[in-house]
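Let's take a walk through a small protein model, looking at which parts touch and which parts hide. Have the sequence and the 3D view ready.

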Amino acid sequence: QDAKASLSEDTDAFLIGGGQLYKQYINEVDQLEITEVKESFEADIFFPKIDLKIWKEQNRVSNFADDKNPYDFDFVTYIKR
C-alpha cells in the first residue's frame, strides 16, 4: 500500500531513510526535522539539498560533543514557506 495514501492529515510520520524515499517525499511534507552532524563522513547516500526558497528554518538547537556523542550536532526544524 502507498505510504502517502495511508496517512491521515493529523498524523505525524517520520521518514528515516533511504535516499530514494527522501527524494520522493521531501515535497509532500510541511515540516522537516533534521539532525545536522558537524563532521564530514564518507558516504554514498545523502539527504537532498534543502532549498531555502522553499524551506524556512524555524528552530535550531545546538549540541556539543560529549562522552555520549563524539561530534557537535544541531537539531533543526524547517517549515515550508
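Phe47 has a relative accessible area of 32%, so it counts as partly exposed (buried means under 20% relative accessible area, exposed over 50%, and partly exposed in between, using a 1.4 Å probe and protein chains only). Keep in mind that this is a predicted model, where local features need a pLDDT of at least 70, side-chain atom pairs count only at pLDDT 80 or more, and totals for chains, interfaces and linings use all residues. Residues are numbered from 1 along each chain as its sequence is written, and side-chain values use heavy atoms, with hydrogens and water left out.

**Aromatic pairs**

How many aromatic pairs does the structure hold? There are three (rings of Phe, Tyr and Trp, the last with its six-membered ring, pair if their centres lie within 6.5 Å; planes under 30 degrees apart count as stacked, over 60 as edge-to-face and the rest as tilted). One of them joins Tyr22 and Phe47: the ring centres are 4.8 Å apart and the planes sit at 55°, so this pair is tilted. Tyr22 is in helix H1 and Phe47 is in the loop between S1 and S2, 25 residues apart, so the pair links distant parts of the chain. Unlike partly exposed Phe47, Tyr22 is buried, at 17% relative accessible area.

Phe41 and Tyr71 form another pair, this one edge-to-face, with 5.2 Å from centre to centre and 90° between the planes. Phe41 lies in the loop between S1 and S2 while Tyr71 lies in the loop between S2 and S3, so the pair ties together parts that are 30 residues apart in sequence. Both rings are partly exposed: Phe41 has 46% relative accessibility, and Tyr71 has 33%.

**The overall layout**

Now zoom out. The protein has one helix and three strands (helices are DSSP runs of H or I with at least four residues, strands are runs of E with at least two, and both are numbered from the N terminus). Along the sequence, that gives the pattern α-β-β-β.

How do the strands pair up? S1 (residues 31-37) and S3 (residues 73-80) are antiparallel and share seven bridges, while S2 and S3 are also antiparallel, joined by eight bridges (two strands pair if DSSP finds at least two bridges between them). Phe73 in S3 is a handy landmark here: Val37 stands opposite Phe73, and so does Asn63.

As for confidence, the average pLDDT (the predictor's confidence in each residue, from 0 to 100) is 88, and 88% of the residues score at least 70. Among the elements, helix H1 (residues 19-25) has the lowest mean, 89, and strand S2 (residues 55-63) the highest, 98.

**Charged partners**

A search of the whole structure turns up five salt bridges (a side-chain nitrogen of Lys or Arg within 4 Å of a carboxyl oxygen of Asp or Glu). Here are some of them:

| Pair | N to O distance |
|---|---|
| Arg60 and Glu36 | 2.9 Å |
| Lys38 and Asp74 | 3.2 Å |
| Glu57 and Arg60 | 2.9 Å |

Glu36, Lys38, Glu57, Arg60 and Asp74 are linked in a network of salt bridges. Which of these residues is buried? That's Asp74, with a relative accessible area of 6%. Its partner Lys38 is partly exposed at 43%, as are Arg60 at 31%, Glu36 at 22% and Glu57 at 36%.

**The core**

In soluble globular proteins, nonpolar side chains tend to be buried together. Here the largest nonpolar core has seven residues: Ile26, Leu32, Ile34, Ile50, Trp55, Val76 and Tyr78 (such a core is a set of buried Ala, Val, Leu, Ile, Met, Phe, Trp, Tyr and Cys residues joined through side-chain atoms within 4.5 Å). S1 and S3 each supply at least two residues of this core.

Try clicking on Trp55. Leaving out residues up to four places away in sequence, Trp55 touches several residues, among them Ile26, Leu32, Ile50 and Tyr78 (contact means heavy atoms within 4.5 Å). Overall, 17% of the 81 residues count as buried. Of the contacts between residues at least 6 apart in sequence, 54% join residues at least 24 apart.
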